[in-house]
Structure formats: C-alpha cells, structure tokens
Amino acid sequence: MKAARIEFRRVSKRYGDVRAVDDVSFVIEPGTLVTLLGPSGCGKTTTLRLIAGLEFATAGDILVGDVEVSALPPAERNVSMVFQSYALFPHMTVLENVAYGVRVSGRSRAESTERARAMLATVGLGGLGDRLPSELSGGQQQRVALARALVLEPAVLLFDEPLSNLDAGLRRHMREEIRDLQQRLGVTVVYVTHDQGEAMAVSDRIIVMHRGVIAQDGTPRELYEGPASAFVAGFMGEANRVQGTLETRDDKTGLVRLGALHVRLAHRDQSIGPVIVAVRPEAILVGPPGGDGLAATVVKAAYLGGVVEYTLTSELGELFAIGHDVAAPFAPGEAVSVTLADHGVVIIPTRG
Amino acid sequence: MTGPRRRRSVLFAWIAAGAGSALLLPWYAETAASAVVNVGRGDVTLAPIVLGLLALAAAAWRIDERRRLGAALVWLAGGAFLYLVALGIVAHALPRSAALGSGAVPVAMALVACVGLGLALRGHFHGDGFVAASVLGVAVTVGLFTAFPLVKLLTSAFQDAEGAFGVTATIERLMSARIWGLHCLTSARRCGVAWNTLGLALTSAACCTLLGLAFALIVTRTGFRAKRLLRTLTVLPVITPPFVIGLGLILLFGRAGLVNQLLEWALGIPPTRWIYGFPGVLVAQVFAFTPVAFLVLIGVVEGVSPTLEEAAQTVRAGRWRTFADVSLPLMRPGLVNAFLVSFVESIADFGNPIVLGGDLGVLSTEIYFSIVGAQLDQGRAATLALLLLGFALVAFSVQRRALGRRLYTGLGGKGDGGIPAVLPSRVRWTCYGVALPWALFTVVIYAMALAGGFVRTWGRDYTPTLAHYAKAFAIESSPHGVIWAGAAWNSFFETVKLAAIAAPLTAGIGILTAYLLTRQRFAGQTLFEFATMLSFAVPGTVIGVAYILAFNVAPIEVTGTGIILVLCFIFRNLPVGVRAGMATMAQIDRNLDEASATLGARGATTFTRVILPLLKPAIAGALVYSFVRAMTTVSAVIFLVSPDHEMATTYIIGRVINGDYGVAIAYSSTLIVLMLAAIGVIQLVVGTRRLGRRLPAAVPPVAESPA
C-alpha cells in the first residue's frame, strides 16, 4: 500500500446559492490520519465526498498523490470509503461484498475470493464469509465495510462517521482498532466525525470546519490548548467564555485580569485591553469561600459518579465547572471561592 | 490503473460499431448499399458522416489528454449527429425521400455514445461515460418516439388537405358541428363528439369514484370477510382485453342477450337496443375503471391516520360527524385523483365505444374513422387527436395541482397504533348496498364472457361446443408436420412475439431511466423526466395517429412493419416501468451506489451488479406490465397494424364487428389464461431478491395509464 498525499487548492462546492465548501485549501501528509471535525452542515462530509469523487467541486483543484483528480470519477481515484451506513450490498454475502472491488477491477474470481478471505481474516471475521450482511451485528458489519474498503489497498481511506451507529463501548474499541490498522498499514486516512472526543483519540491532525470554511487546523493538543476562535474553543470540549483585560504583556505572555483573579497567559498577539478568555470546566477549581479566589455561588450541582458538575454565578457571569471532590460536594446556594488551574485557560484571539 | 484503458476500449468499440455499419450495412431501406458505398457512388450528402466517423477514430487514437479528447469527441460526434438530424428533417419535409435502413441506427447510436463519453471525459455527469451516454441515448429516443410524433401531430393539425399551413382549416375543423353540436338537447339528433366524450367521461368518472370509494371503505373500515376476493377483482382489468366486458354486456343485454330473451319470453317485451350507445358504454367503462379508482383510493383511505379519527372521537364527535368532518375531508385528494384518473381512462377508451357505442361517436372512435373510414382525412384526425390530447393534459394538470404533496400527509414515518374508526351504519349499509351487487355483477359479466365461448350461437342455440376454440386455434397434423390451421394463430404468434420483444426493452429502458432520474443529477433533468412521462398522459388513439403521421414517410418509414408496433409498445408503457423503478429505487440506500463507485465500479457495473439485483421486484413488475399491456392494448395499435402484422386485439375487434362473438370470446379467454401463465413465468425467471431481511415490497404497477 502506498499512502498518498491529499491537497485541496481553493476548492469550493456550491449548491445553488449555498456554499457547502467555500474556498478551502489544505494539505494532508501521506500516512497520517486527519479528522474533519465540525457540527452538522459544516461541510465536512461534502469535503470527504469531494475527495472520493462522489461530489464534483464547483471550483478549485483536488490532488490525490500527484494526480489532479477533480474531473475523475470515483473509480479512477484510488480512494476507498467506509460509509456511515456501511452500505454493504444486501444481496451479496460478506465474502462477495469484500471481493466486489477486486472483482470489478478485472481480477479473476479466484484471486478476488482469496484476497477477500485474507482481508476478512485480518479484520477478525474469518469464519463469516458466507453470511449475509443482515445476519451480522453492527460491529461485525462495520468490520466488513472496513475489509471491503481495505482489500483494494487504496492510497487513501475515507471514513464518514464510521462509529455513529455503534454503542458507546464498541465505539471506543473500534476507534482504537481503526487507529491501529492505520498505523500498521501506513495508509492515509481522512476521517469525518462530529464527536471531538473521537477526533482527539484517533487523529494525527484535526481540521475543524465551520460553515464551509476551515476554522482551525492542527494537532489535537494545539486545538484544545490554543483554540483560534470561540467556536473552536467551544467545539473542542466545553469552555467558559469570559471577558478579561490584558493589563501588561511581554514577549510571549501577558497578565490578564479576570474579575478578582490575575493569571499569566500566552498573549497570542492580542494588544493591551479587553480580551476574551476560554476557561475549561476542569480548570475551574472550586473551594470553600475565602482566600484570594473569586467569590461565587453554586446554582446547580449534578453528581455524576466520578465528578460533580457545578453551575456557578460570579462577577464573570455564569460558570460551568467540574469538581473532583465527590465525597463532599457543595450544595446549591452555597458560597464558594474559585481559582484557576495552570492549564486550560487561554486567550481567544480576536481579529483586528 | 485499468480505468482509462477500459474507457478507451469502450470508445473504440462504439466507433468501430458505427464505422462498421457505415461500411457494411445498408444505409437506405431500399438498396443494400452502405453509407460508404453511397459516398463512393457520388452521394456527397453522406460524406460528412463518414468523415466524422474517421475523424472520431483518429481523435480516439491520437489524443491522450482527457479534456482535449473529450472536447474533440463532443464536437466531432455532436456535429456529425446534428448533421444527421438535419438530413432527417430535410428528408422528412421533401416528398419521395429515401427511408433509412438498418445501417443508420448503429451510426446514430455510436455518435450519441461518443458525445456522452466526451462529455464524461470533460467532467460532466460526474465523469461517468455510461451515465452520460445513457442520458443522451434515452433523451434522443424519447425525443424521437414520443416528442417528435406529437409535434408532427400538432403541425398536421394546422395543415389543410393540400398540405399548406394555416389556421383556417384547423379552426373550421375544430368548430364543426360534428364536434360541438348540441342538437341532442333539443332534438333526437346526436350531440357533437366532444360533448359526448366529456359527458361520458364525467358520468363514468363520478360513478367509478363513488363505487371505488365504497369498495375502499368496505376493505379498510368494515369487518367484511371476503376482502381478499375484492382485492383480487381489481387485478382483472389489468389482464382483460379491453372489450371482454363489452362482450359480456352484449351477451347479457344485447338484442340476443339473456335479459332481453327472458323479458320477451316472460313478458312479451320486444328486445331493444338500449345497450348500444351511451348507457352501454357507460356501464362497460364503470366496470373497467372502477378497479382503477379503487386502487387509487385504497392507498388514500388506508393512509388516513386512525389517530386523527380517534382524536375526533375523544372530543365527542359521533361516528357520523367523525366520518363527515374528519375522514372524508382527509380522503378528498384521493377522491379528486380517482375521479381524474377515471376521467382520463374514459376519454382515452377506445375498445368499449367501438364495441358498444352504436351511433354514439366519441373522440377516440371519431379519430379512428377519420383515418380508416371512407373519409380518410388525416388533418381532421390530427385535429381531433389534438383536442383529445388537450382534454387529457388539462385533466392531468388539474390532477397535479389538486394533489400537490397533500396526498401523502397521512403517511408519516411514525408508527400509528390507532384503530380505524368504524363507519357510521348508514354509510356502511350504503357501501354494502352499492358495492356488493356490483361485485356480483362483475362476476356475472365475466362468467357470461367466458361461457359465450362454449355455446354454438348465443341467443339461439345454447348447445355446448368447442367449435369456436377449434376455429381459432385448431392444430392439424399432416405428413409435412404440424399445421396451425386455426384462424387466430397468425395474430396470436405475432402478438406474443412482439410483446415478448417489447417487454424486456420497455423494462430495460424504464429501469435505466429510473436509475438516471433518481441517482444522477444533471442539467435539464426536469425536462428529461417530463419527456419520459409524457406518453403517460397521451391517449392511445392520439399516439396511434401521431405515429402514423410521423413514421409513414422518410426518414423513419416503419408504418406497416412490426417495428412500429414494438416502438409504440415501448414508449407507451415506458412511464410505468420508470415509475416502478423509481419507487423501488427510492428504497435503496444511495450509499450503495456510492460504495460501489469508490470500489472501482463504473456506472455500468454498478447498475448491473448492485442496482439491478436489488430492483428485481420492479423489473418483474415492469416486464409483466409491458407484456400484458402489449397483449391487451387496442387503441394505439389499431392504427398501426397491417395484414402482415395483425395483433390479437385487432383481430378480436374485427370478429366483434362482424358479429362473430364466439371466436372473439374464445380468443379473449385464451389471452387471459396466457397472460396469467406469462406472469407466473416472469416471476419465476426474474426471481426474488436475496436479502435475509424484509424490504418494503415494491409498489406493483397498476393500470393507471389511459387504455
């Protein structure tokens, strides 16, 4: 399998007046797993289908490997796809499903069957080749879909929300397996999901999309710790957006005042004056009142077993916090004091 | 990658097919000379086509870059094709032009395919050559065999007897008293045929709708036992040749009919001819089209959500109020639809008026007599056909507007656990009172029609006999082998042969068109859909006239051959194949095609390996429908048959007109049995889908198109 590089050069896809993908450019390095992440309708699935050739771009160039593919039909792109619905052919057995791609590319029946058998064994479904897809469980169907896509040894493998039809436990297992397989085979994978946890768990890089454009592009850590916008901050895990003031700044950092609190943060090229700060719920440390913390009041407290979720009011507005002291949680109405952890607090750059 | 090479080989195959037939097959019908030979003999008009094919071959050979090759294909093949069309138009306009022969067809197909492949190379149609060529191919054939005849009909209507264009002759013909006269209101003379047609259609549609509603209510809202039997009755008209009911009525109420004889014997009332004329045609049509109205209504009545009726009852509406204020208004779109469908069936009906009409002229029979009668006035036939087409199109546009999307509002995706409201008893008894005698009457009519084939002479001599069957279907053995001595064998074999040729073609083009319409997006799609569906709205007699006008002169001169009959079958029944295909296609996850595409399958492979196996029910339905329709249709083919290519239905009509009812009935019964057998065979051959889970069954095609 030779992994291919993917490049979008100013690609747009319009349906009438709707810009599903609007002037998007990016490069995906060969052999990496990149996730397209965003809410529904953000253009991530359209982007994936543009790579597959299931949609044709209105403008711009798409390169897979060194080939400009934007006028090529899917069959000529050396790209395979795993669909959200799996799209297994219901009238073919599991083996026929997996062998289909090999067979229609002109190989002999014997060769296609043999390759399909080998691939089924790889995904752990050795004995089930004669079943119909409808006779398999959801997880097994997922593996068949994976085997069917992999058997052609594509340069690029595409996943469209592959885990959304599985239950939570299986989902974690399958995503590890997909990551594992990708690492083992060294194939380029583009993975679409709206679940940021899933995205962070599997990706080398994440491209966050919003309204047809790229909101941010980076490693999971870069996106979580340095969101480029309030949208990314809110989408990559939960975040409290609070108003602060950048009072002083040096080379890289600056002192930000948040109500009664002062924190030193990377200034991210913001000038002195009001700034917006994203504060992760787990970075809000809730303690008994007093000290040099920020005074707040508990509005709601929800016990979730491992943690306690608090809704607080303070001079910074409403805050959402996660407490780890489940033994003695604060009750609604109690006065508390809030301090901030070292990680999980970041200035959100605003343009201009 | 094998893709580009394979595409090139398809391209070469098409060019080779085109060039080969230009070289070898006769270009004109009369001579054996091919296009190339004709050019060699100095016929320069064909040179551009031959040169175009050579240039295409050169381009396919020399140009590697796909966009440039695509452009070359589109311009060269498109140019040659348009030139061919221009030649055809000129030939059509000029008298004594030579008709095209078998060589022209592959050349035209190759040129269209090359344009399609070229467009795909340039990135149109998602780069899929199969889809591109199919869309163009279907568009060209539908244009040629549906749109062109209708345009020809239109122009003929505006030509006078000498062929000069003008509106005076048309207006004169349109306004004639024979069409619009209202004498029947004031005297004993007949009214104009337009009024007859409309009056008959309105009455017939009203009766059919009410009866259909009664049946639908009985089946869905009562505990009536024999519901399955009622449903079975609805299949009957689909496999019944259109005049069987007429024959049954004649045997019952005709001058020599049972009822008249009984009245004469018992009460001394002399036999009358009341059945011939408006009442007889009306009764026959109500028999024939009530099942159609029922099929339309049953879906709607079942779709009325029981929850809504239960809701009405919880706010203390009684049964009658619930029925009158909730159920009935919810069914209104269905009632409108059933009325309009029956209306269109009635104005398009030819079999019943010709058998029972007597001197009652309606548009369809009037058109027929303008063409085949002593008058032989094509302009008049065209004008009348245009008028009939106008009625049908108005009815269809009213139907579309009335329905909109409302018909389906009752069918939500949610499960509906309610129980349909019980009918108020006066409604229930009315339904029983109307519908059950009618159902019994239907059975009697069919029994009559069947029995008539087994007695010597109905009305005079009831001795049981097989003589009629022997006359029609005798087989004798001689030293030289079997002799098909029966009088009906000729038309029988011809009908089976042509129907068997037409059915797979209809189903094939229909399913392919359905695939293109549901699964592909391309410019002009709406127009494409409209064109394929157009013949659905066109009454058979109109199609018949249009085909005669369009195809009895060059360049496509096929009148009097079996080809015109096959073409007529295909394009008349195409909409049903398309609709059955689209309904089933809507249930197949689009991701399946896409998965196939990403696995390296091109459009043609996806279509044959993924779509077709999943469409088996729709294919079987389309095959059955087009086969059965081809065997039972009479309105269009009566214009197109010739002594060499007589059809079963036209042969039967001939026997009926001669008063030879025994043979006509024997033949009709045989056809019904044959069609039942054919349906069984088709189901067996096509088989069922192997899914291991239940998909919703395909919508069975029903007799909703005009007869």
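What share of the contacts in chain B with a separation of 6 or more comes from residues 24 or more positions apart? In this predicted model, the share is 77%. Let's walk through the two chains, then look at where they touch.

## The two chains side by side

Here is a quick overview of both chains.

| Chain | Helices and strands | Buried residues | Contacts with a separation of 6 or more that join residues 24 or more positions apart |
|---|---|---|---|
| Chain A | eight helices, 20 strands | 46% of 352 residues | 65% |
| Chain B | 32 helices, four strands | 50% of 707 residues | 77% |

For chain A there is also an overall extent: its C-alpha trace spans about 80 × 45 × 35 Å along the principal axes.

## Where the chains touch

On the chain B side, 27 residues are in contact with 28 residues of chain A. Helix H27 (590–598) and helix H28 (603–614) of chain B each supply at least two residues to that side. The most comes from H27(B), which gives six residues. Sorted by class, the side of chain B that touches chain A has 10 nonpolar, 10 polar and seven charged residues.

H27(B) deserves a second look. Seven of its nine residues are buried, so H27(B) is largely enclosed by the rest of the structure. If you would like to find them on screen, the buried residues are B:Leu592, B:Asp593, B:Glu594, B:Ala595, B:Ser596, B:Ala597 and B:Thr598. Their cover comes from both chains: it includes helix H1 (44–52) and strand E6 (79–82) of chain A, along with helix H23 (489–519) and H28 of chain B. Just after H27(B), the backbone at B:Gly600 takes a positive phi of about 100 degrees.

## A glycine inside a helix

Another glycine to visit is B:Gly621, which sits in helix H29 (residues 616–632) of chain B. Is B:Gly621 buried or exposed? B:Gly621 has 28 C-beta neighbours inside 10 Å, so B:Gly621 counts as buried. In sequence, B:Gly621 and B:Ala507 are 114 residues apart, yet their C-alpha atoms are 8.6 Å apart in space.

## A bent helix

Helix H6 of chain B covers residues 129–157, which makes 29 residues. From its first C-alpha to its last, H6(B) reaches 40 Å, close to the 42 Å expected at 1.5 Å a residue. Where does H6(B) bend? The bend is at B:Gly143 and amounts to about 40 degrees.

## Two helices that meet

Finally, take helix H13 (residues 244–253) and helix H14 (residues 258–267) of chain B, whose axes come within 3 Å and cross at roughly 5 degrees. H13(B) and H14(B) are therefore roughly parallel to each other. On the H13(B) side, the contact is made by B:Leu251, B:Leu252 and B:Phe253. On the H14(B) side, B:Leu258, B:Val259 and B:Asn260 take part. By class, the residues of this contact divide into five nonpolar, one polar and no charged.

Notes:
Residues numbered from 1 in each chain as written. Chains lettered and ligands numbered in written order. Predicted model: local features only at pLDDT ≥ 70, side-chain atom pairs only at ≥ 80, totals over all residues. Expected span 1.5 Å × (residues − 1). Bend = angle between axes of the 7 residues up to and from the residue. Contact = placed C-beta atoms within 7 Å. Nonpolar A, V, L, I, M, F, W, Y, C, P; charged D, E, K, R; others polar. Buried ≥ 20, exposed ≤ 12 C-beta atoms within 10 Å, placed from the backbone. Axes fitted to C-alpha atoms, helices over the stretch in contact; angles between N-to-C directions. Parallel < 35°, antiparallel > 145°, perpendicular 65-115°, else oblique.
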